[in-house]
Amino acid sequence: MIRIGAVNIDTSHPLGFGEVMEKDDRARYVGVYNDSFRPDSEVEGFIRRFGLEKRCNTLEELAAMCDIGFIHGCDWDDHLRCAMPFIEQGKPVFIDKPLVGNLADCRRVEQLVKDGAVILGASSARYAYEVQQFLALPEEERGEVVNVFGTAGVDEFNYGVHIAEAIGGILGQGAQSVRYMGRGEAGGKYSESYFVQYENGKSAVFNTFTGTWQPFVLTIMTTKTTHHFRMDSNRLYEALMCEICNYMEGKPNLLAGPDALLESVKVMLAATASRAQGGAPVALDALTDAMPAYDGRAFCKSYGAAAGRLY
């Protein structure tokens, strides 16, 4: 049984992941550390709901009692602080999406991995069963991928990174530049479109939507035909947890490496930089700390103010 430590139960993910674990009995939450916006009453409710052994007073205490840490806080600027005790104790850590939200933290992750840290993540959309089924088709049957079009909704980065990761799951690494294409608006809600050029000549277009939940949809054009599917949101956590458990059990798995996960973050950073520059293409290798980043603390404050009770 894989012992998981939960850090900051901000979102619905700890609840959703815990429900998946109950079904397959491969892993379970054993402890929790919380210093974010969920009140003590909800933390105690989470402990009762999944039969945790204890609430820990420090991150170090939690890291010592588990096999892997799950960082669930929605302040992505705080993710690495929360991950460090696990890394320092030689434990793998899963960082929920978005992995990080600025270039400096991307560099920190790269250095931590170079020094031996095991960092897993981040979006369940990358491992959706529909994505797996497409990739399992022989290329002579499905054709070579030329372009991918994807959609996501709710907000620009916290949800938008889902579709960037899903596209990365299809096309792999090699995103070269991103160009802001424009915005459509209606009723105070808006959708924005971005074009991603890959080094190998392939491309992608992704749409974010702010103000309304939208399904994760992919349209994949290949040298033979066009494939189209909508991801089943009820099975996304299951697909992700299966791959994490496979990794922890030493089985073959589909988990992407940290470079691939960081490429998705850099695609999003290049996207917002291009928008700030009026649609000029922004190369991923030309990103700088002076360019726009995503403010995790501000997002967490807004999310917490609107969050309903979960436990």
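# Exercises on a predicted model

The largest nonpolar core has 103 residues, and those with the most contacts inside it are Leu218 and Met231; such a core is a set of buried Ala, Val, Leu, Ile, Met, Phe, Trp, Tyr and Cys residues joined through side-chain atoms within 4.5 Å. Helix α10 gives the most to this core, with 10 residues. This is a predicted model, in which local features need pLDDT of at least 70 and side-chain atom pairs count only at pLDDT 80 or more, while totals for chains, interfaces and linings use all residues. Residues are numbered from 1 along each chain as its sequence is written, and side-chain values use heavy atoms, with hydrogens and water left out.

## Exercise 1: the sheet of 7 strands

Task: Establish the strand order of the open sheet of 7 strands, and find which strands stand at its edges.

Solution. Begin with the strands themselves, which, like the helices, are DSSP runs numbered from the N terminus (E, at least two residues, for strands; H or I, at least four, for helices). The order is β12-β11-β7-β10-β9-β8-β13, with mixed pairing, where two strands pair if DSSP finds at least two bridges between them. Strands β12 (226-230) and β13 (282-283) stand at the edges, each with a single partner strand, so one side of each is left without a neighbour in the sheet. Helix α10 packs on this sheet, touching β8 (175-186), β9, β10 (203-210) and β13, and its direction makes about 55° with that of β8; axes are lines fitted to C-alpha atoms, for helices over the stretch in contact, and angles run from 0 to 180 degrees between N-to-C directions.

Next, take the pairing of β11 (residues 217-222) with β12, which run antiparallel and are joined by 5 bridges. Within this pairing, Val217 has Arg230 of β12 as its bridge partner. Finally, Leu218 touches residues that include Val131, Phe149, Ile163, Phe229 and Met231, when residues up to four places away in sequence are not counted; contact means heavy atoms within 4.5 Å.

## Exercise 2: the sheet of 6 strands

Task: Determine the order and the pairing sense of the open sheet of 6 strands, and describe how α1 lies across it.

Solution. The order is β3-β2-β1-β4-β5-β6, and the pairing is parallel. Strands β3 (54-55) and β6 stand at the edges, each with a single partner strand, so one side of each has no neighbour in the sheet. Between β2 and β3 the parallel pairing extends over 2 bridges, and Val32 stands opposite Arg55 in β3. Helix α1 lies across β1, β2, β4 and β5, running at about 150° to β2.

## Exercise 3: a covered helix

Task: Decide how many residues of helix α4 are buried, and identify what covers them.

Solution. Buried means under 20% relative accessible area, exposed over 50%, and partly exposed in between (1.4 Å probe, protein chains only). By this criterion 8 of the 10 residues of α4 (residues 79-88) are buried, among them His79, Met84 and Phe86. The covering elements include β1 (2-7), α3 (59-65), β4 (68-71), β5 (93-96), α5 (103-114) and β6 (119-122). After α4 comes Gly90, whose phi is positive, near 75°.

## Exercise 4: charged pairs

Task: From the salt bridges of the whole structure, work out which parts are tied together by Glu249 and Arg26, and by Glu110 and Lys266.

Solution. A salt bridge is a side-chain nitrogen of Lys or Arg within 4 Å of a carboxyl oxygen of Asp or Glu, and a search of the whole structure finds 19 of them. The side chains of Glu249 and Arg26 meet in one of these, at 2.7 Å from N to O. Because Glu249 lies in the loop between α9 (236-248) and α10 (258-276), and Arg26 in the loop between α1 (13-24) and β2 (27-33), the pair ties together parts that are 223 residues apart in sequence. Glu249 counts as partly exposed at 33% relative accessibility, whereas Arg26 is buried at 18%.

In the second pair, Glu110 and Lys266 form a salt bridge of 2.8 Å, N to O. Glu110 lies in helix α5 and Lys266 in helix α10, so this pair ties together parts that are 156 residues apart in sequence. Here Glu110 is partly exposed at 32% relative accessibility, and Lys266 is buried at 18%.
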